[in-house]
Amino acid sequence: MTAAETRTRLAFFGGLSFFLVMLSVLLWGLWVLVAWMTTANQVPVKNLIIQGEHRYLTQREIRQSIGSLPGVGNFFALEVDQVQQQLQALPWVYQASVRKQWPDTVRVYLVEQQVAARWNQSALLNTQGDVFRATDPGLALVSLSGPDEASVSVLKEFQHVQTLLTPKGYDIAQVHLTPRRSWEVTLTSGVKLLLGREDIGARLQRFIDVYPGIEQRERVAYLDLRYDTGLAVGWKQDEETDND
């Protein structure tokens with residue numbers, strides 16, 4: 001082997017050794033950096049900023065919900081998607097967005113459920129027709145009921161009926177969709193309207209036209225409008241009839 005070949009080989013092994021040393025140093029540095037970033041007391045989350053209107057949620061509930069997650073105190077270990085899922089599991093949260101802001105802040109924006117009605121006496125309905133279960137807000141709400149999978153349809157039918165009856169001075173207390181898909185509407189006066197499955201608008205118009213002309217309207221218990229023409233009146237029983 002000539003002296004030139006020897007020098008070339010030495011230069012190659014020297015360069016290879018230098019490369020391996022530098023690669024080891026780089027990998028060690030990356031490992032140290034990752035270890036430092038994932039150490040909770042190195043980059044703690046110091047600020048939690050909560051934005052958005054929330055009438056029924058308290059900041060304490062929100063902070064407790066986020067605080068129950070693992071790694072929440074570490075800016076780098078905090079999983080934004082996990083925080084978002086945790087918040088959206090709260091009954092009053094309709095939508096949540098979460099983002100981290102360097103170096104120590106987490107921003108949360110919440111959209112709260114907008115209540116449209118009570119649902120099946122034990123739940124609530126939002127303005128999209130979604131059923132959710134939360135503490136009753138104590139508002140004056142219409143009562144809607146029916147199969148859970150029909151909640152959107154029931155809300156839409158209530159809104160339709162409301163446009164016909166409210167301008168005529170009739171306020172709605174309840175709208176019910178029976179298992180047979182028949183509609184029943186109860187007014188705040190206590191009068192129940194049996195509307196059936198079809199021609200709801202026409203049957204309501206028949207009620208509007210006929211009801212004012214019925215004598216002793218205070219004794220009306222229900223009106224059966226499930227006829228092609230006309231209607232049937234059900235009367236409240238008086239005390240004597242009840243006793244009999």
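Here is a quick tour of two helix pairs, the largest pocket and a couple of backbone oddities in this predicted model.

## Helices α2 and α3

Let's start with the helix pairs. Two packed helices are described by the angle between their axes and the distance between the axes. For helix α2 (residues 59-67) and helix α3 (residues 80-88), the axes come within 9 Å and cross at roughly 135°. That angle is not over 145 degrees, the cut-off for roughly antiparallel, so α2 and α3 count as oblique to each other. The crossing of α2 past α3 is right-handed.

Which residues make the contact? On the α2 side you'll find Ile62, Ser65 and Ile66, and they meet Val83, Gln86 and Leu87 of α3. Sorted by type, the residues of this contact come out as four nonpolar, two polar and no charged.

## Helices α4 and α5

Further along the chain, helix α4 (residues 151-165) pairs up with helix α5 (residues 200-210); their axes come within 10 Å and cross at roughly 30°. Here too, α4 passes α5 in a right-handed crossing.

From α4, the residues in contact are Glu157, His160, Val161, Leu164 and Leu165, and they face Ile200, Gly201, Leu204, Phe207 and Ile208 from α5. The tally for the contact of α4 with α5 is seven nonpolar, two polar and one charged.

## The largest pocket

Now for the empty space. Rolling a probe the size of a water molecule over the atoms shows where empty space is left. The largest pocket holds about 180 Å³. Its lining is made up of Glu53, Arg55, Tyr56, Tyr109, Leu110, Val111, Glu112, Gln113, Gln114, Val115 and Leu139.

Which strand gives the most to that lining? Strand β3 (residues 105-112) does, with four residues. By type, the lining of the largest pocket splits into six nonpolar, two polar and three charged residues.

## Backbone oddities

Two spots in the backbone deserve a look. Most residues other than glycine have a negative phi, and most peptide bonds are trans.

One exception is the peptide bond between Trp102 and Pro103, which is cis, with omega at about 10°. If you're hunting for Pro103 on screen, look in the loop between β2 (93-101) and β3.

The other is Asn120: phi is positive there, about 50°, even though Asn120 is not a glycine. Asn120 sits in a loop as well, the one between β4 (115-119) and β5 (123-126).

How values were computed
Residues are numbered from 1 along each chain as its sequence is written. This is a predicted model: local features need pLDDT of at least 70, side-chain atom pairs count only at pLDDT 80 or more; totals for chains, interfaces and linings use all residues. Side-chain values use heavy atoms; hydrogens and water are left out. Axes are lines fitted to C-alpha atoms, for helices over the stretch in contact, and angles run from 0 to 180 degrees between N-to-C directions. Helices (H or I, at least four residues) and strands (E, at least two) are DSSP runs, numbered from the N terminus. Angles under 35 degrees count as roughly parallel, over 145 as roughly antiparallel, 65 to 115 as roughly perpendicular and the rest as oblique. A crossing is left-handed if the near helix is turned anticlockwise from the far one by less than a right angle, and right-handed if clockwise. Contact means heavy atoms within 4.5 Å. Ala, Val, Leu, Ile, Met, Phe, Trp, Tyr, Cys and Pro count as nonpolar, Asp, Glu, Lys and Arg as charged, and the others, Gly among them, as polar. On a 1 Å grid over the protein atoms alone, a cavity is a set of points where a 1.4 Å probe fits but cannot get out, and a pocket is an open set with protein on both sides within 12 Å along at least five of seven lines; lining residues have an atom within 4 Å of a point. Grid points are joined across faces, edges and corners, and a volume is the space filled by probe spheres set on the points.
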